[in-house]
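User: Please take me through this model by question and answer. Keep it brisk.

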Amino acid sequence: MNINNNEAPLDDDELDGYVKIDRYNTDKVESIASHYEDILSQLGENPKRQGLLKTPERIAKALQYLTHGYDVDPAAILKSAMFEEDYSQMVVVKDIEVYSMCEHHLLPFFGKAHIAYIPKGHIVGLSKIPRVVDAFARRLQVQERLTNEIRDCIQETLNPAGVAVVIECKHLCMAMRGIQKQNSVTTTSAFTGEFAHERTRAEFLRLITASLD
């Protein structure tokens, strides 16, 4: 489903970017596709051959989807499902799938995020935390900044007693080019508040590595 700026505004459920209908700005698709037709030629390919005829358009649509986080407000996602609740123990959401694009080579990196917060008067709907991860991941990123952005958004919006974020990813810029280390995993972490204390941080790390089996 294609959209342009002249169409009717989206309703609230659509504004957060998680409707399961692919939608694109047609002007941007045409502009990006025109550049990729030239890139294919520069690479020595024939963009007019059958297998590549629609490739520039597919790339343009893929890039719009992979960077749709620029059009999403992560704080608004959290605010849409904040509830007053007298609960002050750790809330952990682990094994959140992460898919992002390295801003240095425009190659994917992917893995898992593990997030915890300690409520201080407010909790948030659990589905909103993975959505915040997606909102920041669906941009051109580096893993270090992605980790900090998720932490800061949760801390500033919910004002909890502490936030913990650990992300583990494989980077195709390392696996497919450069050093070509296919099995390396990069781990980043960021903490605030109570998670600065070793005991609390150790409990979080134990919980994200524990198995329920």
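**Helix packing and buried sites**

Analyst: H5 and H6 are oblique to each other. This is a predicted model.

User: At what angle do H5 and H6 pack?
Analyst: Helix H5 covers residues 128-137 and helix H6 covers residues 143-158. Their axes are 10 Å apart. Oblique covers angles outside the roughly parallel, antiparallel and perpendicular ranges, and roughly antiparallel starts over 145 degrees. The packing angle of H5 and H6 is about 135 degrees.

User: Is the crossing of H5 and H6 left-handed or right-handed?
Analyst: The crossing describes how H5 passes H6. Its hand is right-handed.

User: Which residues of H6 does H5 meet, and how many residues in the contact are charged?
Analyst: H5 brings Val132, Val133, Phe136 and Ala137. On the H6 side are Leu146, Glu149, Ile150 and Cys153. By class, the contact has seven nonpolar residues and no polar ones. The charged count is one.

User: Where is Gln141 found, and is Gln141 buried or exposed?
Analyst: Gln141 is found in strand S7, residues 140-141. Its relative accessible area is 1%. Buried means under 20%, so Gln141 falls in that class. The answer for Gln141 is strand S7, and buried.

User: Which residues of H5 and H6 does Gln141 touch, leaving out those up to four places away in sequence?
Analyst: The contacts of Gln141 include Ser100, Met101, Cys102, Glu103 and Phe109. Phe136 of H5 also meets H6, and Gln141 touches Phe136. Leu146 and Glu149 sit on the H6 side. The H5 and H6 residues touched by Gln141 include Phe136, Leu146 and Glu149.

User: Why does Cys102 form no disulfide?
Analyst: Cys102 is buried, with a relative accessible area of 6%. The closest cysteine sulfur to that of Cys102 is in Cys173. A disulfide needs the two sulfur atoms within 2.5 Å. The separation is too far for a bond, at 4.2 Å.

User: How many disulfides does the count come to?
Analyst: The rule asks for cysteine sulfur atoms within 2.5 Å. By this rule the count is zero.

User: Is Ser31 buried, partly exposed or exposed?
Analyst: Ser31 lies in helix H2, residues 26-42. Its relative accessibility is 39%. Buried is under 20% and exposed is over 50%. Ser31 therefore counts as partly exposed.

User: What share of the protein is buried?
Analyst: The protein has eight helices and nine strands. Its length is 213 residues. The buried share is 38%.

Conventions. Residues are numbered from 1 along each chain as its sequence is written. This is a predicted model: local features need pLDDT of at least 70, side-chain atom pairs count only at pLDDT 80 or more; totals for chains, interfaces and linings use all residues. Side-chain values use heavy atoms; hydrogens and water are left out. Axes are lines fitted to C-alpha atoms, for helices over the stretch in contact, and angles run from 0 to 180 degrees between N-to-C directions. Helices (H or I, at least four residues) and strands (E, at least two) are DSSP runs, numbered from the N terminus. Angles under 35 degrees count as roughly parallel, over 145 as roughly antiparallel, 65 to 115 as roughly perpendicular and the rest as oblique. A crossing is left-handed if the near helix is turned anticlockwise from the far one by less than a right angle, and right-handed if clockwise. Contact means heavy atoms within 4.5 Å. Ala, Val, Leu, Ile, Met, Phe, Trp, Tyr, Cys and Pro count as nonpolar, Asp, Glu, Lys and Arg as charged, and the others, Gly among them, as polar. Buried means under 20% relative accessible area, exposed over 50%, partly exposed in between (1.4 Å probe, protein chains only).
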